[in-house]
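Open the model in your viewer and keep the sequence panel visible. The tour below goes from one selection to the next and says what is found at each stop.

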Amino acid sequence: NEDGYDLWLRYHLVADSNLLSRYRDAFTHIVVQGNHVVLRSAGAELARGLSGLLGRSIPVRDQIGKSAVVVGTKVDNTLGPEGFTIKRRTDRVEITGAGERGALYGAFRFLQQLQRQRPLERLDLTDRPASPLRMLNHWDNLNRSIERGYAGKSIFVWDELPGLRERYVDYARLLASVGINHTVINNVNASAEFLRSERLPGLAALAGVLRSWGVRLWLSANYAAPITLTADQPSPITVADPLDTRVQQWWQDKIDEIYRLIPDFGGFLVKANSEGQPGPLDYGRTHAEGANMLADRLAAYDGKLVWRSFVHEGFDDWAEYEYRVFHPLDGQFHANAVVQTKNGPIDFQVREPVNPLFGGLPRTNQMIELQVTQEYTGHSTHLCYLVPEWKSILGFQTHTGTGSGPTVADIVTGLAYDQENVGMAGVVNLGDDRDWTGYQLGAANTHGFARLAWNPKLSADEIVTDWIELTFGGDRQVVSVLKAIMLRSWSTYESYTSPLGMGYLTYPLGSHFAPAPTTTQNLSHHTTAEGTGFDRTAATGSGFTGLYAEHWQDIYGSLANCPDELLLFMHWVPYTHRLRSGKTMIQHIYDSHFDGYERVVEFRRAWGRLAGRVDQARYADIAATFDAHVIEAERWRDTIVSYFYGFSRIVPTGTGWLQL
Ligand code: GCU
């Protein structure tokens, strides 16, 4: 059944018959060395994968015979705790992890090499993840709705727990297959109910499934949980002040209770004093004081506390707030506390400058938060492959250390400041839709996020090729056509929605899908009859550019030097201003929208050329997505072009497409 459920874990018969017979000779059985539950998962996955790929049953045996696939562990300090090697010996293959998780990752990688029909000679490899914390953030609610989810309801059927569904195993497999080792299963706008004692045995059952695939379960915690969950008691707690001893004791008891049931519980993720959520500021305490109170209690269990920096109330320009609140707290967060920061200073727009906060917290553990679910980038209708964007963010040189470094990747992999509690979190796009991500090509973002969390040095080209080959097979035409579409899709989305760094042209209180530029006047742009943009310079504007290292202050602060793609984020610019291309700014806006739309039409046409090369069911499903994509791209184009024509009254030139 070709309904997308298997994602990139497709173990179909190897198509190349020569290779198939070589594989069949080389791999006849599996031997698992050790009895750890994660190793048993590795053995089970190898059996499942090899049996599918080779079209015959490949059993797990106790004894190593000729042509065995052996999976196990061996202490190896060069591999880190989660690395692995795959080695071809004369009569067998050895998949060896430095720990059990490494062995599991090695087993998946080995199968992926076979899925991609790699010759036997090329199976040897060694790999290890760059960041210790490779994490998913689910924004799933107790009623199974998903905040900013476009793939149905939550995978997790809370009220059925501790009853378990088969899909939880497939969920855990899919995480492990790309090296995700932590997952926060509920929304950052957290219901305190998740911490209620009656819920915990159910969550423990779920944690058990995840544990066998090397994944640790986390919860988002509501900071006012002591108030909510004692409300019906004889002497309820009425504050959530982190320095109040009753509050502290309540959390201590709760954390003890959780670890009795879930010994490998990962920790809490907290959104505090943001968008109406409670937090330590309600009691005159700082974010650091609030975070440390929880971190200290988790530390005894090797748990961690991730505190989000996404706060934006109180200043005129939203873009500056996170830096102004968190930079002064650098050095105050305890060793097992981590500050998690969204890639940009606004909110997952298609283009934003890199959040200056990354360079502003050298003495704090940091994680970057990326949004895999396409809240502002087209939901499950517009194809928008985000890996190129994430690459540009991770590669950003902050100039806050020595030379031009560190890069964002250096910071979140721990290289910059020799830190261990660092990593990457992806607000994930998974739901209970049959294809998991609401549209089939959306899974490329899930895969791409995880691959980058594993190794931010991989190129977008390598990652997308990997995903296409695993998902659709190795047909050259399919790979090259789809790759070209995917790699251009982000810049295309940008061009027909919000070029030149304008950002946020959708109704702020709505679904963040359709264009509504009038509703973000002053929030993200100051559009008049003469020009548009947002002056964030230190010289004449909000001062935001002053939050960067001098190198970037000079570049962003100058109209002449600011890169075009961020021009209207940093500056207010007259319509007649000439860009480097020689075009006026307004003409660029017009052209960009029309060109972008044309590219989407071209994507649909290109996909059409793959008819017969991709199974009919998935082909037709994806074709239908492109049909909808074209309609929505047209809507964006016409709304934004009319908006700017309405203000500027400058008629587009040259192309003959507008008869005014
Ligand atoms: C955005 C998003 C919200 C979400 C928030 C967050 O504002 O629209 O739904 O809760 O980010 O990241 O906390």
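In which loop is Pro162 found? Select Pro162: the loop runs between strand 7 (133–137) and helix 4 (166–177). Bear in mind from here on that this is a predicted model.

**Two cis peptide bonds**

Stay on Pro162 and add Leu161 to the selection. The peptide bond that joins Leu161 and Pro162 is cis, with omega at about 5°. Next, go to Gly405 and Pro406. A cis peptide bond joins this pair too, and its omega is about -10°. Pro406 sits in the loop between helix 10 (387–394) and helix 11 (408–412). For context, most peptide bonds are trans.

**Positive phi outside glycine**

Most residues other than glycine have a negative phi. Two stops depart from that pattern.

Select Phe348, where phi is near 55°, a positive value in a residue other than glycine. Phe348 belongs to the loop between strand 12 (337–342) and strand 13 (366–371). Is Phe348 buried or exposed? Its relative accessible area is 5%, so Phe348 is buried.

Then select His379. Phi of His379 is near 50°, again positive in a residue that is not glycine. The loop that holds His379 lies between strand 13 and helix 10. His379 has 10% relative accessibility and therefore counts as buried, the cut-off being under 20%.

**The ligand site**

Now centre the view on the ligand and show the residues around it. There are 13 of these, and Glu147, Lys271, Arg308, Lys342 and Glu375 come nearest. Colour the shell by residue class: three of its residues are nonpolar, two are polar and eight are charged.

Which distances are worth displaying here? Begin with Glu147, which has a polar side-chain atom 2.3 Å from an oxygen atom of the ligand. For Asn189, a polar side-chain atom is 2.9 Å from a ligand oxygen. For Glu275, the distance from a polar side-chain atom to an oxygen atom of the ligand is 3.1 Å. Switch to a surface view for the cover around the ligand: taken alone the ligand exposes 320 Å², and the protein buries 96% of that.

**Asn137**

Select Asn137, which is found in strand 7. With 1% relative accessibility, Asn137 counts as buried. Which residues is Asn137 in contact with, leaving aside its neighbours within four places in sequence? They are Val184, Leu269, Gln340, Glu369, Ala425, Gly426, Val427 and Val428.

**Val412**

Move to Val412 in helix 11. Val412 is buried, at 0% relative accessibility. Display its contacts, again without residues up to four places away in sequence: Val412 touches Ser131, Gln366, Met367, Ile368, Leu394, Val422, Gly423 and Met424. To relate this position to another part of the chain, draw a distance from Val412 to Gly80. The two residues are 332 residues apart along the chain, and their C-alpha atoms are separated by 17 Å.

**Ser489**

The last residue to select is Ser489, in helix 14 (residues 476–497). At a relative accessible area of 1%, Ser489 is buried. Add Leu383, Cys384, Tyr385 and Phe603 to the view; Ser489 touches these four, not counting residues up to four places away in sequence. What lies 2.8 Å from a polar atom of the side chain of Ser489? It is the backbone nitrogen of Tyr385.

**The whole chain**

Zoom out and return to a cartoon view. The chain has 18 helices and 16 strands. Its radius of gyration is 26 Å, close to the 26 Å that the globule rule gives for 660 residues, so the chain is as compact as a globular protein of that length. Along the principal axes, the C-alpha atoms fill a box of roughly 80 × 70 × 50 Å.

Colour by accessibility next. Buried residues make up 62% of the 660 residues. The accessible surface of the chain comes to about 23,800 Å², and carbon and sulfur atoms account for 49% of that area. If the viewer can draw a contact map, finish there: of the contacts in the chain with a separation of 6 or more, 72% are between residues 24 or more positions apart.

Terms used:
Residues are numbered from 1 along each chain as its sequence is written. Side-chain values use heavy atoms; hydrogens and water are left out. A residue is near a molecule or strand if one of its heavy atoms lies within 4 Å of it. A polar contact is a pair of N or O atoms within 3.5 Å; within protein, one must be able to donate a hydrogen and the other to accept it, and residues adjacent in sequence count only if both atoms are side-chain atoms. Accessible areas come from the Shrake-Rupley method with a 1.4 Å probe; for residues, only the protein chains shown count as cover. Ala, Val, Leu, Ile, Met, Phe, Trp, Tyr, Cys and Pro count as nonpolar, Asp, Glu, Lys and Arg as charged, and the others, Gly among them, as polar. Helices (H or I, at least four residues) and strands (E, at least two) are DSSP runs, numbered from the N terminus. Buried means under 20% relative accessible area, exposed over 50%, partly exposed in between (1.4 Å probe, protein chains only). Contact means heavy atoms within 4.5 Å. The radius of gyration is taken over C-alpha atoms; the globule rule is 2.2 Å times the number of residues to the power 0.38.
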